[in-house]
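Here is a short note on how two chains meet. Please read it with the structure open beside you.

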2 protein chains.
Amino acid sequence: MSDLLVVGSVALDSVETPFGKVQEALGGSATYFSYSASFFTAVHLVATVGEDFPEAHLKLLADRGVDIRGLQTSKGRTFRWTGQYGYDLNEAKTLETQLNVFAEFRPVLNDVSGRTPFLFLANIDPELQLDVLRQMKERPKLVALDTMNFWIQGKREALRKVLAEVDVVTVNDGEARQLASEPNLIRAARAISAMGPKTVVVKRGEYGALLSTEDRLFFVPAYPLESVYDPTGAGDTFAGGFMGYLARSGDLSDANLRRAVIYGSAMGSFAVEKFSIGRLLEVTKPELAARVADFRRLVAFEEEL
Amino acid sequence: MSDLLVVGSVALDSVETPFGKVQEALGGSATYFSYSASFFTAVHLVATVGEDFPEAHLKLLADRGVDIRGLQTSKGRTFRWTGQYGYDLNEAKTLETQLNVFAEFRPVLNDVSGRTPFLFLANIDPELQLDVLRQMKERPKLVALDTMNFWIQGKREALRKVLAEVDVVTVNDGEARQLASEPNLIRAARAISAMGPKTVVVKRGEYGALLSTEDRLFFVPAYPLESVYDPTGAGDTFAGGFMGYLARSGDLSDANLRRAVIYGSAMGSFAVEKFSIGRLLEVTKPELAARVADFRRLVAFEEEL
């Protein structure tokens, strides 16, 4: 079992979907990621919050065993995001973004986090992602990176620079096409691989996920939920399951990457069942195992006799 | 091996995609369906064309062994459709529809077609679909129906009436949601089942297909093509493979329905590789077998040791 480091955001999210709403709930990429990954391995979190950040939220992560010593409390208010989803839950409409202390976030690794063998660079400025890589005292065994349209458009060069140094990238359909300037998703994944990351994971929301490696392609459907309440954080929860599973096993073979995608998908499917990390707080190991088993049933077919 | 009857359209399609265009190429739901199904079983076609319909097109179907005695040649011009696709190949933009002789189409079954054990009611007016069912001298072993938003919106009652009498319905995502008035796809499929058809096949274009039966759900991804030239007819080609496979085996078990979805997906993946039925003309049985084997590799993952 190897330790896992995530550098990203911790936020207060206000979200409205057709099924309800929450005000200033615990959110942020590093939150979802670390909570999800904590099912599998020891997680270190590097992020920043303001002085107004509720103590109870910190406790949720700490109780889960997440190492939050890298969570800086900065002078000012915590990063806030306000978003809305319509019936097409694949697309969030951002109503307001208050960066607050996140605008001045400069990740600082210490002697422990700087030697973590598994690293997830959550969706932050690619210049900061590169800075984190530079702070690593040893090259991690596996580095994964998440990004978004904002950086692909606005900081393409910096993004290309950090991409050249990572092993795995996680993006959604549209981001993959935008990053590669290629409408065909399979060719887009290949083009992104040529930029550096040998493994490309495309998150496709209600359509599941695609894993593209040197060897082959692997598809997994989304878990067929009858009630999706809030897709916020699903991608980061997926990444937490994916990286957590890999860190726990230490096995980076193609076969294990596929299994990691299944575990990531299972974790992501829990995330959307309640607002914030509400559903993740309840998940048990037997529930997770049952959902993983369901994934096999969803795609299995027997050959003709 | 059982015979299979399709009632639908034979058309001349003019299509433009980012990758090229064709003028008055062979098209129509019954065309794609019957050509695809002919890989598996004996197919009878009931449709109508105008006096202007090229003899060469008829020959393509006849050479393939499709029984075209039910293809009426009516006074007037053949049904013509002109459409365009952008880079999002999931959505066709209809530029022009000339119904011509198709506007007056009244399917007439004869003593052979009226006793066919497998029936596919392609996308036509639900009143005609019901009329075909009424003309069957024996209730077929399996009846499948395809429809579209136009009928769901404009002829909902007639559609509900025929749906109550069929076994399988094939629709796309949006149509499933519209038909069920339900944004969640899994609940939509269940709601459609409650209208009659025990089996619901949702065609999701580049996202594959979903099979919903009483027992369970089954997902298959789309075949990862690097070059998609023209999606026209993919759904009907899928249906041809699906129904053809079932008619050949005569086995309507859940396990066999899943296999049929794989064969349908394989056939559909060929259809989009060239304009019109161009690619289908070339497909060999070993090619089909190889593609079916690929589908297993695309979703297979081994359990943890």
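The points below deal with the contact between chain B and chain A.

1. This is a predicted model, in which local features need pLDDT of at least 70, side-chain atom pairs count only at pLDDT 80 or more, and totals for chains, interfaces and linings use all residues. Residues are numbered from 1 along each chain as its sequence is written, chains are lettered from A in the order in which they are written, and side-chain values use heavy atoms, without hydrogens and water.

2. Chain B and chain A each give 38 residues to the contact, where contact means heavy atoms within 4.5 Å. About 3,900 Å² is buried between them, 48% of it from carbon and sulfur atoms; buried area is the accessible area (1.4 Å probe) that two parts lose on being put together, summed over both. In chain B, the residues that lose the most area to chain A are B:Y207, B:E226 and B:F301, together 20% of what that side buries.

3. Six salt bridges are counted between chain B and chain A, each a side-chain nitrogen of Lys or Arg within 4 Å of a carboxyl oxygen of Asp or Glu. B:E226 forms a salt bridge with A:R190 (2.4 Å, N to O).

4. Chain B is superposed on chain A by a rotation of 180 degrees with 0.0 Å of shift along its axis (RMSD 0.0 Å), using least squares on the C-alpha atoms of residues with pLDDT of at least 70 in both. That is the relation of a two-fold axis. The same surface serves both copies, as 100% of the contact residues of chain B recur in chain A.
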